[in-house]
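Me: I would like to go through this model and ask, for each label, what justifies it. Please set the values against the definitions.

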Amino acid sequence: MATISDVARMAGVSTSTVSHVINGTRPVRDETRSRVEQAVRATGYRRDSLARALRRSRTDSIGLIVTDVSEPAFAAMARGVEREAMDAGLTVLLANSGEDAQLEARALEVLAERRVDGLLIAPVARSHRETITAVIDRGTPVVLIDRLGGVKADQVGAENTAPMRELVLHMASHGHRRIALAAGDTGVSTIAERRRGYLEALDEAGLDVDDALIVTGSGRAADTRERTTSLLRQHRPSAVVAASTETAVGVLAAAKGLGLTAPQDFAFATFDGFPHTDLFRPGITAVAQPAHEIGATAMQLLLSRIDGSLTSRPRTVRLEPEITYRESCGCPA
């Protein structure tokens with residue numbers, strides 16, 4: 001394997017000059033830079049990133065823990081994180097917690113053992129918050145992403161309560177009085193906030209709260225399908241709002257199994273939704289959170305903590321989602 005000394009010898013410069021060219025740490029004359037770059041190509045030299053990181057007491061890596069990166073919102077957040085990390089020369093180590101507190105704790109342990117420079121975490125519903133706090137206390141910068149609260153750390157997520165309130169009030173403006181919520185697991189902070197928006201909307205619209213119209217449970221599609229099937233058979237709401245992509249899938253699967261369609265049999269809308277929602281027929285009314293921007297913003301905040309440029313108290317950043325009304329809620333195409 002070629003060394004930096006081999007490159008310096010071929011280019012006729014010092015090893016420090018080669019280092020400045022490779023790492024961009026100091027301006028080098030164009031002629032000298034060209035000789036060094038030619039020597040790098042000729043020798044096949046590759047920078048030893050691990051050795052460089054160890055000299056700087058850094059691993060040039062960060063950990064990202066989400067519940068399921070296959071979910072559209074988390075996938076977009078991960079892409080936002082990765083883009084900012086790559087621009088900063090960092091590697092992202094990804095772990096899926098599967099909404100399991102034990103798996104989350106294990107992922108935290110493994111990533112901490114690898115001495116990542118920082119962590120981005122979307123905590124599970126019943127996360128062992130003391131485990132996250134212990135990582136912070138050991139000096140590892142942590143930013144909570146999407147699911148906020150419970151830990152003294154920087155946090156980046158979307159507004160959840162107000163958009164859900166607006167969505168439900170929109171249903172009420174269409175004349176619906178029996179509006180159901182496919183909530184899922186209200187132990188998840190984002191779901192709890194969206195449920196709060198639902199309840200605030202019912203109060204503002206002068207509608208009674210009927211617990212039979214609130215579908216809880218694990219929030220997984222299969223579980224939501226089973227519970228929503230019972231809801232649609234027994235209570236026949238005129239409108240259903242889903243609090244997540246998973247619960248939306250469960251609602252639509254339940255409706256299909258019963259031979260029901262939206263908006264003919266019930267109005268429908270969802271928080272998060274699906275990629276290319278506008279291609280569905282009927283088009284699905286959805287709240288689209290800026291997931292990619294959430295990931296990028298969280299990564300930028302983490303980088304500021306890692307390099308020490310941000311030393312203030314923990315910050316909370318909330319980004320605004322966008323609601324698009326389509327045919328599924330009864331709006332014209």
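Me: What makes the order 2-1-3-4-5-11 an open sheet of six strands?
Reply: This is a predicted model, and the terms apply to its coordinates. The six strands have parallel pairing. The edge strands are strand 2 (91-96) and strand 11 (316-319), and each pairs on one side only. From one strand to the next, the twist averages 15°.

Me: How do you know that strand 1 and strand 3 pair?
Reply: Two strands count as paired if DSSP finds at least two bridges between them. Four bridges join strand 1 (residues 61-66) to strand 3 (residues 118-121), so the pair meets the rule, and the two run parallel. Gly63, for example, has Leu119 in strand 3 as its bridge partner.

Me: Why is helix 6 said to lie across strand 1, strand 2 and strand 3?
Reply: Contact means heavy atoms within 4.5 Å. Helix 6 (residues 101-113) lies across these three strands, and runs at about 175° to strand 1. Angles run from 0 to 180 degrees between N-to-C directions, so a value of about 175° puts helix 6 and strand 1 in nearly opposite directions.

Me: What is the order of the other open sheet, and what pairing does it have?
Reply: The order is 7-6-8-9-10-12, again with six strands, and the pairing is mixed. Strand 7 (214-216) and strand 12 (322-324) are the edge strands, each pairing on one side only. Here the twist averages 15° from one strand to the next.

Me: How do you know that strand 6 and strand 8 are a pair within it?
Reply: The cut-off is at least two bridges, and strand 6 and strand 8 (residues 239-242) have four, in the parallel sense, so they pair. One of the bridges links Ile179 to Ala239 in strand 8. Helix 10 (residues 221-234) lies across strand 6, strand 7 and strand 8, at about 155° to strand 7.

Me: Why is one space called a cavity and another a pocket?
Reply: In a cavity a 1.4 Å probe fits but cannot get out, whereas a pocket is an open set of points. By this rule there is one cavity of 30 Å³ or more. The largest cavity has a volume of about 330 Å³, and the largest pocket holds about 330 Å³ of space.

Me: Which residues line the largest cavity?
Reply: There are 25 lining residues, and Glu71, Glu99, Arg147, Ile191 and Ser244 lie nearest the centre. Helix 5 gives the most, with four residues. The lining divides into seven nonpolar, nine polar and nine charged residues.

Me: Which residues line the largest pocket?
Reply: The lining has 18 residues, with Asp272, Phe274, Pro275, Thr277 and Ala288 closest to the centre of the pocket. Helix 5 gives the most here too, with four residues. Strand 10 (285-288) and strand 12 are among the elements that each supply at least two. Eight lining residues are nonpolar, six polar and four charged.

Me: How do you know whether the protein matches a compact globule or departs from one?
Reply: The globule rule is 2.2 Å times the number of residues to the power 0.38. For 333 residues this gives a radius of gyration near 20 Å, but the protein has 25 Å, so the protein departs from the rule. The C-alpha trace spans about 80 × 45 × 35 Å along its principal axes.

Conventions. Residues numbered from 1 in each chain as written. Predicted model: local features only at pLDDT ≥ 70, side-chain atom pairs only at ≥ 80, totals over all residues. Heavy atoms only, no water. 1 Å grid on protein atoms, 1.4 Å probe; cavity = no way out; pocket = protein on both sides within 12 Å on 5 of 7 lines; lining within 4 Å. Points joined across faces, edges and corners; volume = space filled by probe spheres on them. Nonpolar A, V, L, I, M, F, W, Y, C, P; charged D, E, K, R; others polar.
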